[in-house]
Amino acid sequence: MRAIPLICLCLALLTGCARNHSVQAPTERQQRIGRLQDFSEERGFRRTGNFRSGAPDKEAYFLCYYAPKWELPDSYDDLGYRESKTSGCGIDESKYDVYLHKVEAVAFEDTPVTASLEATTEERALMVAAHEEVHEDPQLERLPHPVAEGASTLLGILTAAEFARKEGDIQTATRLSGDAVMYHKKALFVNALHARLRDLYAKHRAGKIGRTEIASAKEAAFAEAARECATFGVGHSLNPCLPVSNNAGLAFDHSYTRWYPALYRLYLACGSDLDEFLRELRSMGNLPRRNISAIAKRIEERTAARESAKKPPP
């Protein structure tokens, strides 16, 4: 995860992150993540200070996100936020939809291998580590934040899968490759659900839909999401379902799903070649960072050009 919308860097929550951990022999997981970082360097990523130490005394970073009951923010940047403890958020859930997020690692802070990252599945650990390395790439970091989160999610899965394949871990590589497909299905559904609920909430605030009707529509929409996610497939590194069935959970996941379908299509147009996909993304780093429409146009143009080049002549 990116540095919890960048404000995480200056919060007391981090308490120095990896900076004062006692020196210990690296665990097997730390060693493998180190090899993943070597592999990432070969793909042109800058070697960061992440994951160079273990933090067995730090379970994770616990963060609370919250949203109004009848408003749907676009991403976690627009959610209410506070640092938290494992016991809960202390936010009035009669007024807000709340999501307590347990984060294994953060970018831009020499993040250590926390206890939760040490204990999670191999697929999840590799994807999280790769995801954070992508966030610190000097060129990809220049992408608009919404695009960067989608790119980091997809690149985290793909890089982890290619690394596992290189190490001969075919089962892990296959599961991660499957996660890229699974998450595409999830992203399409989440994006549609977000648009539908956001429109309904706007009508409610405009007085076109009453409180009883909007509450019923909201309940039905999240019940549908809980059923539908079971059809997306098993997630080994990412959750096929919303983290929590409310506005906070939906807005949080929308941060990652919003641009995923367009980026996944570009990846397929690149012949599912990680290096080609990276070249395309890095070529967009020079576009104006805040100009989302310019990025969208470039992604569409490059995808169309590559798809056209793959078509056999008539």
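## A tour of the aromatic rings

Start by selecting Tyr 65, Tyr 76, Tyr 81, Tyr 99, Phe 252 and Tyr 256: ring pairs join these residues into a cluster. Keep in mind that you're looking at a predicted model. Across the structure there are 15 aromatic pairs.

Next stop: pick Tyr 66 and Tyr 96. Their ring centres sit 5.2 Å apart with the planes at 75°, which is over the 60 degrees needed, so call this pair edge-to-face. Now switch on the cartoon. Tyr 66 belongs to strand β2 (residues 61-68) and Tyr 96 to strand β4 (residues 96-103), so the pair ties together parts 30 residues apart in sequence. Is Tyr 96 buried or exposed? Neither, quite: its relative accessibility is 32%, so Tyr 96 counts as partly exposed.

Back to the cluster, and zoom in on Tyr 76 and Tyr 256. Here the centres are 6.0 Å apart and the planes make 45°, so this one is a tilted pair. Where do the two residues sit? Tyr 76 is in the loop between β2 and β3 (80-83), while Tyr 256 is in helix α7 (residues 247-257), so this contact ties together parts 180 residues apart in sequence. Turn on a surface if you like: Tyr 76 and Tyr 256 are both buried.

Last, two charges sitting over rings. Select Trp 70 and look for Lys 218, which lies over the ring's face at 5.1 Å from its centre. Then hop to Phe 45, where Arg 282 lies over the face, 4.8 Å from the ring centre.

How values were computed. Residues numbered from 1 in each chain as written. Predicted model: local features only at pLDDT ≥ 70, side-chain atom pairs only at ≥ 80, totals over all residues. Heavy atoms only, no water. Phe/Tyr/Trp six-rings, centres within 6.5 Å; stacked < 30°, edge-to-face > 60°. Helix = DSSP H or I, 4+ residues; strand = E, 2+ residues; numbered from the N terminus. Buried < 20%, exposed > 50% of the residue type's maximum accessible area, 1.4 Å probe, protein only. Lys NZ or Arg CZ within 6 Å of the ring centre and 35° of its normal.
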